[in-house]
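User: I am new to this kind of model and would like to learn how its features are read, one at a time.
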Amino acid sequence: MSNGLRSLGAISIIGLFGVLGFTETFASEPPASDELGSVSVRMYQLEGSLPTADPNSSQWDSVPGSEFNLAPQVHWPPRIQEVTVKSVKAKGVHNGQELAILVEYDDPTEDPGDAAALEFMVGDKPAHFAHGQEMLQVEGGPVNIWFWKKESGQAVDMSAKGFKTLETQPHQDVQATGVWQNGTWKVVFTRLLKTEDEQDVQIEPGEWRNVAFAFWDGAIVDGLVKEKGGQKAVSTWWYIRAEPSADNSIFGWVILGLALAAAFELVIVRKLRKGQSV
């Protein structure tokens, strides 16, 4: 009987590890930050409050980010041939209701005219990253722009559908906080994942959206602001997604399976003790 019990115990242990191994495949973990390289921003899910007002919060240290190259805006005059900001590091988090996106970039001086912006396609209609302007092979569609400037210290929720159509939305849903230190700007944009404003981009966890970046160096050079208006560093469209919540329903099946295994083992043990064959 002891041999039977040992065999049964071994079978139970193997079964337990088999079930746990099965669940590990389905456990929800943040994907590797370099899975798509620097073409996407993944907003990882956190529990509780987000670092919405603190670009230097330690919460950002545990979140993987991506880096995107920038270039001068040349689609619309007055053009600029050289820009200060050459690239931007971006990362994001959300808690199922609210999101926060951190952008970090080099700028040697802190100036009132320094500014940063995020741009999103609205809906499913393709739009050019230049304010949704109609271009060759791109019909054009609405975009939602989140703009922050050092001078005001506040974010502005804006919309556009082509050049010279940029306007401030009647209802403001975006906040932002910027901190400059040792030649680097860190700016956090925050908003609800979803709003009731049809002019806003709506973020559904698990769905990919498009995002582009723009930055202005507001330093005074020869009495003039170095970069303003269309004179800015920009990126093309990239991708952004709020990671979906972990689906832990499989663990309910694991618990049920373990309970059934324990009940089955109890029946077998009783039979062995009574000398019955199994």
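Analyst: We will go through the empty spaces, then some buried residues, and then the backbone. The model is a predicted one, in which local features need pLDDT of at least 70 and side-chain atom pairs count only at pLDDT 80 or more, while totals for chains, interfaces and linings use all residues. Residues are numbered from 1 along each chain as its sequence is written, and side-chain values use heavy atoms, with hydrogens and water left out.

User: How is empty space found, and what volume does the largest pocket have?

Analyst: Rolling a probe the size of a water molecule over the atoms shows where empty space is left. On a 1 Å grid over the protein atoms alone, a pocket is an open set of points with protein on both sides within 12 Å along at least five of seven lines, a cavity is a set where a 1.4 Å probe fits but cannot get out, and lining residues have an atom within 4 Å of a point. Points are joined across faces, edges and corners, and the volume is the space filled by probe spheres set on them. The largest pocket holds about 600 Å³.

User: Which residues lie nearest the centre of the largest pocket, and how does its lining divide by class?

Analyst: Of its 35 lining residues, His-131, Trp-216, Gly-229, Gly-230 and Lys-232 lie nearest the centre. Strands here are DSSP runs of E with at least two residues, numbered from the N terminus, and S6, S7 (143-149) and S12 (208-216) each supply at least two residues of this lining. For the classes, Ala, Val, Leu, Ile, Met, Phe, Trp, Tyr, Cys and Pro count as nonpolar, Asp, Glu, Lys and Arg as charged, and the others, Gly among them, as polar; the pocket lining has 21 nonpolar, eight polar and six charged residues.

User: How many cavities of 30 Å³ or more are there, and which strand gives the most to the lining of the largest cavity?

Analyst: The count is one cavity of 30 Å³ or more, and the largest cavity has a volume of about 50 Å³. Among the 10 residues lining the largest cavity, Ser-40, Arg-42, Tyr-44, Pro-64 and Ser-66 are closest to its centre. Strand S1 gives the most to that lining, with four residues, and the lining as a whole divides into four nonpolar, four polar and two charged residues.

User: Is Asp-107 buried or exposed?

Analyst: Buried means under 20% relative accessible area and exposed over 50%, with partly exposed in between (1.4 Å probe, protein chains only). Asp-107, found in the loop between S5 and S6, counts as buried because its relative accessibility is 0%. Its C-alpha lies 9.4 Å from that of Trp-216, although the two are 109 residues apart in sequence.

User: What does the side chain of Asp-114 reach?

Analyst: A polar contact is a pair of N or O atoms within 3.5 Å; within protein, one must be able to donate a hydrogen and the other to accept it, and residues adjacent in sequence count only if both atoms are side-chain atoms. The side chain of Asp-114 reaches the backbone nitrogen of Asp-111 at 2.9 Å, and a polar contact of 2.9 Å joins the side chains of Asp-114 and Trp-185.

User: Where is there a cis peptide bond, and which value does phi of Asn-182 take?

Analyst: A cis peptide bond, with omega about 0°, joins Pro-77 and Pro-78. Asn-182 has a positive phi of about 50° although it is not a glycine, and Asn-182 is exposed, with a relative accessible area of 70%.
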